[in-house]
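Here is a short briefing to read with the model open beside you. Feel free to rotate along as the topics come up.

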Amino acid sequence: MKTRLHFSIHSIVGWGLGIALGTLAEPVLAHPQPEEENPSSLLVLDTVEVQGRATDLLGAANSASQGVVGQPEFKYRPLSRVGELVEVVPGALATQHSGTGKANQYFLRGFNLDHGTDFSVTVDGVPMNLPTHAHGQGYLDLNGIIPELVDRVEYGKGPYYADVGDFSSAGYARMHTLHRLPQGFVKFTGGEYDYYRVVAANSNALGTGDLLYAAEVNFNDGPWKRPEELDKFNGMLRYTIDREDWGLALHGKAYRAQWNATNQIPERAVQSGQIDLYGTMDPSDAGKTDRYSLSGDFWSRGDSYKNQLNVYAAYYDVALFSNFTGFLDDPVHGDQIGQKERRVIVGGSGEQTWFNRWFGLDMDNTLGFQVRHDAIMDLILNRTERRRTIGSVSRGDVDETSLSFYFSNQTHWLPKFRTVAGLRSDTFFFDVADRLIPQNSGSETASIVSPKLSLIFGPWQDTEFFVNLGYGFHSNDARGVTTRADPTDPTLPQSSVPPLAKQRGAEGGIRSQYVKGLNTTLAVWWLESDSELVFAGDAGTTEPTGKSERYGVEWTNFYKPVDWLTLDADFAFTSASYRDAPRGANDIPNSVGRVISAGAVAELPYNFFATVRLRHFGHVPLTEDGSVDAGDTTLVNLGAGYQYRQLKLAVDVFNLFDSKSNDIAYYYTSRLPGEPPEGVDGVLKHPVMPRQVRVTASVSF
């Protein structure tokens with residue numbers, strides 16, 4: 001399938017810049033090879049046939065840890081939850097400690113990304129991470145995505161790319177939906193624990209373009225003693241005009257969900273039989289959320305340029321009720337909290353690339369900008385009992401704006417040597433109006449400049465070598481930036497957090513296709529953060545931590561030895577520690593040290609198919625001294641099916657061996673009724689889903 005990624009209007013983005021740079025250089029065709037053989041960069045797959053992980057990225061990728069995953073991988077990959085779309089990024093992990101409708105917990109390169117900090121995701125150019133969120137900075141909820149309509153996911157890791165900024169130092173993923181469908185379809189899935197899901201989608205020619213429309217409904221109780229009662233609804237419209245040298249896409253998306261939440265529970269209560277493994281400390285925990293967005297993409301391309309423009313607007317709201325500590329802070333009413341917000345997001349981005357020849361050297365010069373404004377209203381943290389407010393901790397409104405510019409230059413110095421140098425500037429404007437504690441109101445402005453450099457050698461024998469260096473950052477919650485007083489006791493002073501935390505990283509890697517049918521990469525990386533001081537939305541206070549250092553190795557493999565068999569195996573090993581803490585007390589809690597995923601897909605005779613996937617993670621310290629570990633988790637999923645013409649039947653078995661391991665675990669103080677007033681330190685955990693079988697039937701038309 002021919003696909004295009006960068007979209008814009010030459011006259012809007014590039015006219016003035018073309019006068020400035022075009023007079024300095026002789027325009028040339030995209031290089032170094034014809035575009036159908038070698039796209040000018042990984043993120044510009046213009047007119048290149050995307051074949052998922054089998055795509056030839058030699059001469060296109062700028063690091064060993066960049067890649068693309070597409071429909072060939074999604075076609076047979078069983079997903080137990082939408083957040084697992086992130087796990088197509090080698091080394092990434094998505095878990096859950098609450099209800100299905102809530103954002104997943106993400107882990108990558110030794111980061112406990114909580115719900116999205118340091119890992120950014122865009123869908124059709126619209127950023128999904130939410131800064132200054134009621135629950136957590138960078139909150140990343142992917143439940144509004146319909147997996148069957150994802151065309152491809154482009155990803156990269158490390159702070160080496162000029163066109164990505166906030167929340168991206170660990171990595172990024174750019175998801176793109178299909179332009180059109182070869183056939184419409186209706187798909188029904190039913191499974192244990194009252195799991196039901198229906199998806200219907202189709203596309204038709206309309207005028208000079210194609211209109212794609214889809215809807216999804218999902219209900220699920222889960223294995224929990226308090227049924228989850230998930231009600232989830234998704235809708236999507238996309239109108240696309242895709243011409244040889246220009247095009248546009250208009251998107252409309254809608255998502256709504258509500259659910260009962262089962263949060264992590266004390267391990268000691270499970271061992272004593274006080275709480276069932278699938279039980280809860282507070283059966284009234286719950287959540288609901290809405291997200292509606294409109295966006296437009298516009299692009300054009302000529303022999304000596306390409307450009308893109310993206311604009312978007314979104315409305316979002318959420319209400320979460322959670323009890324993480326039982327009866328520690330309030331022995332009478334319990335410790336449930338209510339977190340709420342409403343927000344409107346508007347923004348856009350533009351980029352212009354010129355294919356030039358300067359001083360006898362082929363080079364691409366790119367200028368781009370990104371702007372975003374979040375108007376956050378009724379940002380609330382309450383103390384609640386059975387979802388009823390019994391006290392207010394914080395309440396306010398926030399306006400947060402970011403403005404970014406970047407420049408990138410790719411120069412082909414020799415037939416086997418090229419460089420990519422970039423420079424990025426980001427400026428943030430924070431304006432906080434605290435309705436309860438006026439001294440915590442205020443305005444701040446912060447800026448940061450991040451240089452990038454990549455050296456690419458080869459290919460020799462279908463093998464390339466990479467050296468990557470770069471600076472990055474992540475922003476902090478605006479409330480933490482302006483805070484002066486403790487919200488639980490305004491007479492006590494509280495230190496503010498820096499608006500931006502600087503990060504720096506380096507990587508060396510290899511990408512090879514020397515063995516026929518095998519795409520393999522090896523990357524050794526290092527990343528340092530000046531500070532991991534964060535604002536805790538669950539408490540309304542800041543949590544200080546020191547400078548941190550992470551390093552590791554990643555090895556990815558995708559192999560198609562014969563047409564009917566596809567194999568993949570990815571390994572990621574990481575060490576994460578605090579720089580300023582003494583040895584033996586410097587582990588970063590919840591940093592995942594080992595992630596292994598592997599799978600096989602067999603397209604068998606007589607229209608049968610089968611798939612098996614293994615997912616393993618371990619070496620997860622829960623305390624700084626490493627004395628408590630979350631344990632290893634290994635899951636195996638099995639799928640099989642039959643397709644005959646328009647009919648497809650499939651059976652998926654998740655957690656084949658019925659593991660009772662932890663999906664996620666923490667170590668902190670909590671209190672159950674009857675326990676000492678000061679509470680008990682210990683592990684609180686959320687188990688993986690038990691073995692479950694789901695049957696899917698789909699019909700194309």
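A residue counts as buried when its relative accessible area is under 20%, as exposed when that area is over 50%, and as partly exposed in between. By that cut-off Ser591 is buried, because its relative accessible area is 5%. Please keep in mind that this is a predicted model. The points below go from the whole chain to single residues and ring pairs.

**The chain as a whole**

- The chain holds 40 strands along with 5 helices.
- A compact globule of 701 residues would have a radius of gyration near 27 Å, and the 25 Å of this chain agrees with that.
- Along the principal axes, the C-alpha trace spans about 75 × 65 × 55 Å.
- Buried residues make up 61% of the 701 in the chain.
- Among contacts with a separation of 6 or more, 66% come from residues 24 or more positions apart.

**Surface and charge**

- About 26,800 Å² of the chain is exposed, and carbon and sulfur atoms supply 59% of that area.
- There are 62 positive and 84 negative charges, and the mean positions of the two sets are 3 Å apart.

**Ser591, a buried loop residue**

- Ser591 sits in the loop that runs between strand E33 (565-578) and strand E34 (594-603).
- Beyond neighbours within four places in sequence, Ser591 is in contact with Gly110, Ala576, His619, Val620 and Pro621.
- From Ser591 to Gly682 the C-alpha distance is 18 Å, with their positions 91 residues apart in sequence.

**Thr95, a buried strand residue**

- Strand E5 (residues 93-95) contains Thr95.
- Thr95 has a relative accessible area of 0%, so this residue is buried.
- Leaving out neighbours within four places in sequence, the contacts of Thr95 are Arg81, Asn104, Gln105, Phe107, Arg615, Phe617, Asp663 and Ile664.

**Gln274, a partly exposed loop residue**

- Gln274 belongs to the loop between helix H4 (267-272) and strand E18 (286-302).
- The relative accessible area of Gln274 is 48%, so Gln274 counts as partly exposed.
- Setting aside neighbours within four places in sequence, Gln274 is in contact with Ala269, Leu672 and Pro673.
- Gln274 and Leu414 are 140 residues apart along the chain, and their C-alpha atoms are separated by 69 Å.

**Aromatic pairs**

- Searching the whole structure gives 12 aromatic pairs.
- Phe417 and Phe457 form a stacked pair, because their ring centres are 4.9 Å apart and their planes meet at 25 degrees.
- Phe417 is in strand E23 (residues 417-434) and Phe457 in strand E24 (residues 442-460), so this pair ties together parts that are 40 residues apart in sequence.
- Phe457 is partly exposed, since its relative accessible area is 29%.
- Phe428 and Phe473 make an edge-to-face pair, with 5.8 Å from centre to centre and 75 degrees between the planes.
- This second pair links distant parts of the chain, 45 residues apart: Phe428 lies in strand E23 and Phe473 in strand E25 (residues 463-475).
- Phe428 and Phe473 are both buried.
- Elsewhere, ring pairs join Tyr160, Tyr161 and Tyr172 into a cluster.

Definitions and conventions
Residues numbered from 1 in each chain as written. Predicted model: local features only at pLDDT ≥ 70, side-chain atom pairs only at ≥ 80, totals over all residues. Heavy atoms only, no water. Helix = DSSP H or I, 4+ residues; strand = E, 2+ residues; numbered from the N terminus. Rg over C-alpha atoms; globule rule 2.2 N^0.38 Å. Buried < 20%, exposed > 50% of the residue type's maximum accessible area, 1.4 Å probe, protein only. Contact = heavy atoms within 4.5 Å. Areas by Shrake-Rupley, 256 points an atom, 1.4 Å probe, with all protein chains shown as cover. Lys, Arg positive; Asp, Glu negative; His and termini not counted. Charge placed at Lys NZ, Arg CZ, Asp CG, Glu CD. Phe/Tyr/Trp six-rings, centres within 6.5 Å; stacked < 30°, edge-to-face > 60°.
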